[in-house]
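User: Could you take a close look at the nonpolar core of this protein, and set it against the overall build of the chain? I am new to this structure, so please explain the terms as you go.

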Amino acid sequence: MNDEVTQYISAAPPWQQEVCEKLRAMIHEAVPGMEEKFQYGKPHFLKNGKHAAVVYVSRDKVSFMVFNATEIPAVKGFIRSMGKGERKCADIVEGQETDYQALAEMLKKTSSAL
């Protein structure tokens, strides 16, 4: 666990801390050996030195983004495409029920080739 990532999460409001900690645990469980780095002001998760995921907090949500996701379809209201579709993002708002298992499966698929 990276201390800067821990500090970033600790600085968020309580509900966002809870979401970030769930995402962090899910990431490490889904892809063992994932490396944490604090880059560009956000927690990044790398597999074999390559970016696999990012978790970031904004005013009213927590976002979970995966890379190498061209083959993952966007799902209205759950997963949105970013860039040219090579990144996918789930935005989690306060009180929202979140399918962490679905996010874990998406991360496993997108990071399998890294």
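Analyst: With 114 residues, the protein would be expected to have a radius of gyration near 13 Å if it were a compact globule, and its own value of 13 Å agrees with this; the radius is taken over C-alpha atoms, and the globule rule is 2.2 Å times the number of residues to the power 0.38. This is a predicted model, in which local features need pLDDT of at least 70 and side-chain atom pairs count only at pLDDT 80 or more, while totals for chains, interfaces and linings use all residues. Residues are numbered from 1 along each chain as its sequence is written, and side-chain values use heavy atoms, with hydrogens and water left out.

The protein holds three helices and six strands, where helices (H or I, at least four residues) and strands (E, at least two) are DSSP runs numbered from the N terminus. Buried residues, meaning those under 20% relative accessible area with a 1.4 Å probe and protein chains only, make up 43% of the 114 residues.

The largest nonpolar core, a set of buried Ala, Val, Leu, Ile, Met, Phe, Trp, Tyr and Cys residues joined through side-chain atoms within 4.5 Å, has 35 residues, and those with the most contacts inside it are Leu23, Ile27, Val55, Phe64, Leu103 and Leu107. At least two residues of this core come from each of helix H1 (3-10), helix H2 (14-30), strand S3 (50-58), strand S4 (61-66), strand S6 (87-92) and helix H3 (100-111), and H2 gives the largest share, seven residues. Leaving aside residues up to four places away in sequence, Ile27 touches Met34, Phe45, Val55, Phe64 and Leu107, a contact being heavy atoms within 4.5 Å.

Definitions and conventions. Buried < 20%, exposed > 50% of the residue type's maximum accessible area, 1.4 Å probe, protein only.
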